[in-house]
Amino acid sequence: MASVSLSEAEKTFIIHGIQDDLRSDGRECETYRLIEVECGLVSNCSGSARLKLSNTDILVGIKAEMGTPKTNLPDEGYLEFFVDCSATASPKFDGRGGEDLASEIATTMARMYGSTKTLNLKDLCILSGECCWVLYIDVVVLECGGNLFDAVSLGIKAALADARIPKVTVQMDDEGNQEMDVSEDPDDCYRFQTDMVPLLVTINKVNQKHIIDATIKEEACSLACVIMSVMPKTGKITSIVKKGSGSLDPDSTTDMIQCGKRVADLLHTKLRNILLEIEKSGDNVEKVGFLA
């Protein structure tokens, strides 16, 4: 994770505030920051989204290209994740620090989307064993204000909901060869059903309390955290990872997991409502920021 250097006085102020359920930005321990989402910002992508959590700013672009299916999954397309932690987002990202974190985030996302229940990748197959759609999901961290894993998972889900994959018809020519015709009609496309796409929730342990959506300064005060992937509707946990050098007792771990499930349910509902509003607005939604 990205980190900042804090004095002992700053750490004491942050920790004491969390113990009193009053964080330095005025939130309670289980309160998320305002989520801002914009979709369709990158014109040369099949789908894109920009997500902001206060000072955390993520841009996600999805490019669909034809490729060869994996040998063990001949009837499915697949996803490839690439993450770039820009050195301008945080001084800690300069050099190997950014590369290691980017690799960790990409691996986490690949693991989260590895389940067949997450997305129906069979619809990306064009010719079994020969041709399929490969989705290259590029994530750029524009600014780091903490809670990167959650923000990236929210941004990817929003970009997938925005993605439009052209439909392909396969025909035989006069010589018996197969020809693929890619539709140029923007309305003749495949849209992902993201209803069962999980989200990541990070719960940080700070002294005797746990918090969600930690800022970069709060992360510097935390010695341990739990990152969990939670499905919508069912609340099923698909993966859970403990990070940090600190220890967690069984009671704290149980409380943090239950907190994560509650927060994930709220996050899924919040993001779904935002995406529905964007879908209803269509091209009339006002674009803001330097990508407008």
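With the whole chain in view, five helices and 14 strands can be picked out, where helices (H or I, at least four residues) and strands (E, at least two) are DSSP runs numbered from the N terminus. The model is a predicted one, in which local features need pLDDT of at least 70, side-chain atom pairs count only at pLDDT 80 or more, and totals for chains, interfaces and linings use all residues. Residues are numbered from 1 along each chain as its sequence is written, and side-chain values use heavy atoms, with hydrogens and water left out. Along its principal axes the C-alpha trace spans about 80 × 40 × 40 Å.

Next, select residues 250-281, helix α5, whose end C-alpha atoms lie 47 Å apart, in agreement with the 46 Å that its 32 residues should span at 1.5 Å a residue (the expected span being 1.5 Å times one less than the number of residues). Just after α5 comes G282, with a positive phi near 60°.

Now add residues 148-162, helix α3, whose axis comes within 11 Å of that of α5 and crosses it at roughly 35°; axes are lines fitted to C-alpha atoms, for helices over the stretch in contact, and angles run from 0 to 180 degrees between N-to-C directions. To see the contact (heavy atoms within 4.5 Å), show L154, K157, A158 and A161 of α3 together with H268, L271 and L275 of α5.
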